[in-house]
Structure formats: structure tokens, C-alpha cells
Amino acid sequence: MQGFNKYYPPDYDGEKHKSLNSYRGKHALGDRARKIDKGILITRFELPFNIWCGTCNNHIGMGVRYNAEKKKIGAYYSTPIYSFRCKCHLCDGWFEIETDPKNTRYVVVSGARQKDEDWNPEENGGFAIHDTDPKAGPSDPLAALEKSTDAQNHVKKVQIPRLEELQTASEHYNADPYSHSARVRKRFRTEKKIATQRQATEDLIKGKYALPETLILLEDDEEARHVARDEWLKGQQELQAQASRKRPKLSTSSFSTSLSSLPKPKPAKSPNDAASSLRARILGNTQRASQGRAK
Ligand SMILES: [Zn+2]
């Protein structure tokens, strides 16, 4: 029995026995390690594929689990190769399955047949991936020579000039950042000065004629002036044409006679005159009324 409890018997000597397991003469893995002296450990092993038992010829499905005897039987580089020996649960036969680190799979070694259900890309309209040796060059030495010459020519004729071009361009833009910056700032100052002046002029005009702030004024140049002048002349001509259509032309003589025939404007009366005339009118009216009543 495996030492599960922590009872230390009176004759237990820590120096001598080291552990309770060794005191009882048991392995830490218990019964699973009963064949450990032969390098075999009992583990639970699950079938990774469908098989047919070689002894009873029964089909055993993928995923059935066995208490298998696991043993290291070799190594692929530094990776150990394990074999799992299982006893068929339907008969007394044994079958053995090994790991295959090279192809990352399991293989049936003896006692059973594996059902081949691996995916074959070529069968299913795909392309198989072949492990080609990357170090393998062209077998024809002349072809290899031609290839390397082509590569050299490409470097000389295309790649190096391109690199030089890029380098020149980079130097052109990045060699003297101070002067570039000074030039740019100078230009900016000039443009800003002009823009500020124009803004001031526009503000003045807008303030003068109460134009909305958002109104965009035309730039005051020769062409704009020309167009404005033409428009103004056109407007003037139209106005004159309208005026001539509305009233007939008068001769100067008739104009003077008509002037003289106009009623002469009355001289402005003084406030006193106005008051006396009003009084006279009222008096006249009352007189007329009283006369009417008397009749
Ligand atoms: Zn069997």
C-alpha cells in the first residue's frame, strides 16, 4: 500500500530511511511503478486512431483507454521515443504503439492494424507539401553560375544606382536643416505680412459699408477693377435708356415756358399770419351760420 498518510512509526529514522515511502519500501507512484525496475511505467493511454486488434480482429475505436506499459525505447535527436504496450480488452492479445517524433504521430508497431484515415491533400484536390531541402541548389553548375551573374548584374545596374539616388535625395532635403528652416520662415513672414495688410483693408471696407463678416471680398487687382468699371458703365447706360423711354424729350424753350407757367410758390407765412387767417375763417363761418338762422 502506498504511504498516503503521514504516520511516522516509532522505529522510523529520518537519517536512515529518508522518506516514509522508502521506509515502507514503496515507490511514490505506487502500483503504477511495479515494473519500474524494467524501465516500465504503467500509464493511461488513449488510442489516437481506430485499430483492428491483430489477435481477435475486432475493431477498436479511437479514444478507448488502456493501462499501457510505457517504456522509453530510443530517441529522435533529444526527443525520447516511447512505446505503449496495451492488452486488448476483448481478448488476451497485446498490441504496441510507438511515438514518432520525426513525423509527430503515433505508429502501430505490432499486434494491431491501424485504420488509415489520414488526410491526404492530393486525394482531396489540394497540394501535398514536400519537405524540400533548402540548401539544395540547381544541379546544373552553369545554371548556378548564370543565376549568380544575373544577381550581380541586377545589383550593379539597378540596386546600387537606386540607392545612390535615394541617398542624394535624402542629402538634398536633410543636409542643412538650418538654412531650409530660415528660408521657409522668411517666406512665411512675407506672406503673413501681405495677408495681414489685406485683412486690415477688408475690415476697413466691411466696417465702412456694414458688410457681414463672413462676406468674402474679391481681391483688388487690375482685372477686378476692369470688370467693376465695365459693369458700372453698363449700369449707367441702362439707366439712361430707361429714363429716355419714360418721358418724352423736352426742348429748352418749352421747359422755360412751363417753368414760368408753374404756380408761383406762396411766400412762407409767419406764424402770426396763420393764426389771424384761421381766426378770420372761423369768424366768417360763425357769421354765415348766424345769418342762416336769422332768415
Ligand atoms: Zn483483441
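1. Where is the place of asparagine 57? Asparagine 57 sits in the loop between β2 and β3. This is a predicted model, so read what follows with that in mind. The phi of asparagine 57 is near 60°, a positive value in a residue other than glycine. Asparagine 57 counts as exposed because there are 12 C-beta neighbours inside 10 Å, and the cut-off for exposed is 12 or fewer.

2. Another residue to look at is lysine 18. Its phi is near 65°, again a positive value in a residue other than glycine. You'll find lysine 18 in the loop between α1 (14-17) and α2 (20-24). With 10 C-beta neighbours inside 10 Å, lysine 18 counts as exposed. As background for both loops, most residues other than glycine have a negative phi.

3. Now the sheets. Five strands make an open sheet, ordered β1-β4-β5-β6-β7, and the pairing is antiparallel. At the edges are β1 (40-46) and β7 (105-110), each of which pairs on one side only. From one strand to the next, the twist averages 35°.

4. Within that sheet, have a look at β5 and β6. Strand β5 (residues 79-87) runs antiparallel to strand β6 (residues 94-100), and 5 bridges join them. A hairpin through 6 residues makes the connection between β5 and β6. For landmarks, cysteine 86 stands opposite phenylalanine 95 in β6, while serine 83 has glutamate 98 in β6 as its bridge partner.

5. On to β6 and β7. They run antiparallel too, with 5 bridges joining β6 to β7. Glutamate 96 stands opposite serine 110 in β7. The hairpin of β6 and β7 has 4 residues between the strands, and there threonine 104 takes a positive phi near 45°.

6. Which residues of β6 are on its covered face, and which on its uncovered one? Phe95, Ile97 and Thr99 make up the covered face, whereas Trp94, Glu96, Glu98 and Asp100 are on the uncovered one. Tie this to the pairings: phenylalanine 95, opposite cysteine 86, is on the covered face, and glutamate 96, opposite serine 110, is on the uncovered one.

7. There is another open sheet, of 3 strands, in the order β3-β2-β8 with antiparallel pairing. Its edge strands, β3 (59-60) and β8 (112-114), each pair on one side only. Strand β2 (residues 51-53) and β8 run antiparallel and are joined by 3 bridges. Here cysteine 53 stands opposite alanine 112 in β8.

8. What is in the largest nonpolar core? It has 12 residues: Leu47, Ile51, Cys53, Ile60, Tyr66, Ala68, Phe84, Cys86, Cys88, Phe95, Ile97 and Ala112. At least two residues of this core come from each of β2, β4 (65-76), β5 and β6. The pair cysteine 86 and phenylalanine 95 belongs to the core, and so does the pair cysteine 53 and alanine 112.

9. Phenylalanine 84 is a handy core residue to click on. Leaving aside its neighbours within four places in sequence, phenylalanine 84 is in contact with Phe45, Ala68, Lys70, Glu96 and Ile97. Ala68 and Ile97 are also listed in the core.

10. Last, helix α5 (residues 222-246). At 1.5 Å a residue, its 25 residues should span 36 Å, and the end C-alpha atoms are 37 Å apart, which agrees. Is α5 buried or in the open? Of its 25 residues, the number buried is 0, so α5 lies largely in the open. For that count, buried takes 20 or more other C-beta atoms within 10 Å.

Terms used:
Residues numbered from 1 in each chain as written. Predicted model: local features only at pLDDT ≥ 70, side-chain atom pairs only at ≥ 80, totals over all residues. Expected span 1.5 Å × (residues − 1). Pairing = 2+ DSSP bridges. Axes fitted to C-alpha atoms, helices over the stretch in contact; angles between N-to-C directions. Core = buried A, V, L, I, M, F, W, Y, C linked by C-beta atoms within 7 Å. Contact = placed C-beta atoms within 7 Å.
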